[in-house]
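Work through the exercises below with the sequence and coordinates at hand. Each task is followed by a solution in steps.

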Amino acid sequence: TRMEDGTYSTDQLTVESIKFLKDFKMKDKPFLLVLSHYAVHTPLQAPDSSIVQFYKKKKHQMREEETDQVIIDQGVASRRSQDNEIYAAMMKMVDDSVGKIREELKKNSMDESTSIVLTSDNGGMNTVVSSKYSSNPANAVKNLATSNYPNRFGKGWLYNGGLRVPLIIYAPGRKKVTDASIYPTIGTDIYPTMLELVGLPLIPSAHLDGKSLVPFFTDGNTDELQEPRPLFWDHPRATNARGDPISSAVLVKGWKLIDLLKEDDLDKKFELYNLTQDPKEMNNLAKDQPEIVKHLTNTLLDW
């Protein structure tokens, strides 16, 4: 559907999604709705000035030391404070969208037969190369949307700030789980999870890296899921403005190895972190743990 000028994309995508749900209700057929909002994403724009003013007022109520905070790390400026009023308004619009869709499901008696997965593709963008702002580093982060603190850095980086995202699964008729899981998951788990939720057979050749998470919210056997498995990431493009390098990473049993693929200096090529003891990833143990580096490098290369 072509949007008219001045239409806010989050609102329009919500309207189209509700039309989709009504259509499938009439057809009485199973459906898959994938709603990928542009929000929250640049450009930072919110349609309702009253919402922006509400969050702007909240920002003014924050202590000065809580706003426009910046960390300089490896020549990169990283936003530490969560205080962008437009970003907050955009987040509310997405939240409202989820609420409207759930209300539509309830209104059409579809809520108890519909599973919902809510997640994001990466951490928020919160870094910029600080050399351009050497006289006043705080200016570097003023136009950045968000903060992932205490996780390090954000979008484009293979530190936790770029990788850790929300994952909420609503599965009616399943065991209610109210506690947050500490089990590491990854985006490739969603496909086999959705297959099992709707009663379809798994297709291992189509989700090699993914595992169904359904046993966690049923009375199923979670032994296999609890067994630590390697998780992998690859970032093939560098971004000069953000400072993020071309790199790959693997996480196994709390140990994360980051391979800076374009780094020729072997002393700087690998970064190794014990996330159990160092979740902020500030203590690089690569030189102290050469055997772990070797093992995880081989694991990464095999992948």
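**Exercise 1.** In this predicted model, list the residues that Arg79 touches, leaving out those up to four places away in sequence.

Solution. Set aside the residues up to four places from Arg79 in sequence. The contacts that remain are Asp68, Gln69, Asn84, Asn126, Val141, Lys142, Leu144, Ala145, Thr146 and Ser147.

**Exercise 2.** Decide whether Arg79 is buried or exposed, and name the strand in which Arg79 is found.

Solution. Start with the relative accessibility of Arg79, which is 1%. The cut-off for buried is under 20%. Arg79 therefore counts as buried. For the second part, Arg79 belongs to strand 2, which covers residues 76-79.

**Exercise 3.** Find how far apart Arg79 and Lys100 are, in sequence and in space.

Solution. Along the sequence, Arg79 and Lys100 are 21 residues apart. In space, their C-alpha atoms are 32 Å apart.

**Exercise 4.** Describe the protein chain by its secondary structure, its box and its contacts.

Solution. First, the secondary structure comes to 9 helices and 9 strands. Next, along the principal axes, the C-alpha atoms fill a box of roughly 65 × 50 × 35 Å. Last, take the contacts with a separation of 6 or more: 58% of them are between residues 24 or more positions apart.

**Exercise 5.** Give the burial, surface and charge figures of the protein chain.

Solution. Of its 303 residues, 39% count as buried. The accessible surface is about 18,700 Å², and 52% of that belongs to carbon and sulfur atoms. There are 38 positive and 42 negative side chains, with the centres of the two sets 4 Å apart.

How values were computed
Residues numbered from 1 in each chain as written. Predicted model: local features only at pLDDT ≥ 70, side-chain atom pairs only at ≥ 80, totals over all residues. Heavy atoms only, no water. Helix = DSSP H or I, 4+ residues; strand = E, 2+ residues; numbered from the N terminus. Buried < 20%, exposed > 50% of the residue type's maximum accessible area, 1.4 Å probe, protein only. Contact = heavy atoms within 4.5 Å. Areas by Shrake-Rupley, 256 points an atom, 1.4 Å probe, with all protein chains shown as cover. Lys, Arg positive; Asp, Glu negative; His and termini not counted. Charge placed at Lys NZ, Arg CZ, Asp CG, Glu CD.
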